[in-house]
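Student: I am new to this structure and would like to go through it slowly, one question at a time. Could we begin once it is in front of us?

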Amino acid sequence: MGNSDWRPFIYGGLASITAEFGTFPIDTAKTRLQVQGQQLDQQYAKLKYRGMTDVLLQISRKDGFWALYSG
């Protein structure tokens, strides 16, 4: 254990942070698209979004850019 190299752990951590930063808004938009149109809950029964781009734009305009990362 004398010569341990810590760089792969740092690089792996930075890579996972970068990947999550890029994919979290896409996952939030996907979830909102999946939930809309459900007949079980009347709050979500009406179609609100027209597609992935529309979801991202509406969330960022209505709630602000950081709302894409709040879920």
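Student: Leaving aside its neighbours within four places in sequence, which residues is Asp54 in contact with?

Tutor: The model in view is a predicted one, and in it Asp54 belongs to helix α2, which covers residues 52-63. Once the neighbours within four places in sequence are set aside, the contacts of Asp54 are with Lys48 and Tyr49.

Student: Is Asp54 buried or exposed?

Tutor: The term buried is kept for residues under 20% relative accessible area. Because the relative accessibility of Asp54 is 14%, this residue counts as buried.

Student: With which residue does Asp54 form a salt bridge, and is that partner buried or exposed?

Tutor: The closest N and O atoms of the pair are 3.6 Å apart, and the partner that Asp54 meets in this salt bridge is Arg50. Exposed means over 50% relative accessible area, and because Arg50 has a relative accessible area of 76%, the partner is exposed.

Student: How many salt bridges does the structure hold?

Tutor: One of them is the pair of Asp54 and Arg50, and another joins the side chains of Asp5 and Arg7, with 3.1 Å from N to O. A further salt bridge links Asp27 with Lys30, whose closest N and O atoms are 3.5 Å apart. The number of salt bridges in the structure is 3.

Student: Why are Asp27 and Lys30 separated by about one helical turn?

Tutor: Asp27 has its place in helix α1, a helix that covers residues 7-35 and also holds Lys30. The two are separated by about one helical turn because, within α1, their distance along the chain is 3 residues.

Student: What relative accessible area does Lys30 have, and what is the value for Asp27?

Tutor: Partly exposed is the class between under 20% and over 50%, and Lys30 belongs there because its relative accessible area is 36%. Asp27 is likewise partly exposed, and its relative accessible area is 38%.

Student: How do Asp5 and Arg7 count in terms of exposure?

Tutor: Asp5 has a relative accessibility of 38%, and therefore counts as partly exposed. For Arg7 the relative accessible area is 42%, so this residue is also partly exposed.

Student: Which residues of α2 are buried, and why do they line one face of the helix?

Tutor: The buried residues of this helix are Asp54, Val55 and Ile59. They line one face because, in a view down the axis of α2, they fall within an arc of 125 degrees.

Student: What do the buried residues of α2 pack against, and which residues are exposed on the other side?

Tutor: The packing partner of the buried residues of α2 is α1. On the other side of α2, the exposed residues are Thr53 and Arg61.

Student: How far does α2 reach from its first C-alpha to its last?

Tutor: The helix has 12 residues, and at 1.5 Å a residue the expected reach is 16 Å. The reach in the model is close to that expectation, at 16 Å.

Student: Which residue just after α2 takes a positive phi?

Tutor: The place to look is just after the end of α2, where phi has a positive value of about 100 degrees. The residue there is Gly64.

Student: How many helices and strands does the protein chain have, and why is it described as more spread out than a compact globule?

Tutor: The chain has 2 helices and 0 strands. It is described as more spread out than a compact globule because the globule rule gives 11 Å for 71 residues, whereas the radius of gyration is well over that, at 18 Å.

Student: What does the C-alpha trace span along its principal axes, and what share of the residues counts as buried?

Tutor: Along the principal axes of the protein chain, the C-alpha trace spans about 60 × 25 × 15 Å. Of its 71 residues, the share that counts as buried is 15%.

Student: What separates the C-alpha atoms of Asp27 and Tyr69, and what separates those of Ala19 and Tyr49?

Tutor: Asp27 and Tyr69 are 42 residues apart along the chain, and their C-alpha atoms are separated by 9.5 Å. Ala19, which lies in helix α1, is 30 residues from Tyr49 along the chain, and the separation of their C-alpha atoms is 25 Å.

Key. Residues are numbered from 1 along each chain as its sequence is written. This is a predicted model: local features need pLDDT of at least 70, side-chain atom pairs count only at pLDDT 80 or more; totals for chains, interfaces and linings use all residues. Side-chain values use heavy atoms; hydrogens and water are left out. Helices (H or I, at least four residues) and strands (E, at least two) are DSSP runs, numbered from the N terminus. Buried means under 20% relative accessible area, exposed over 50%, partly exposed in between (1.4 Å probe, protein chains only). Contact means heavy atoms within 4.5 Å. A salt bridge is a side-chain nitrogen of Lys or Arg within 4 Å of a carboxyl oxygen of Asp or Glu. The expected span of a helix is 1.5 Å times one less than its number of residues. The arc is that of the directions from the helix axis to the C-beta atoms. The radius of gyration is taken over C-alpha atoms; the globule rule is 2.2 Å times the number of residues to the power 0.38.
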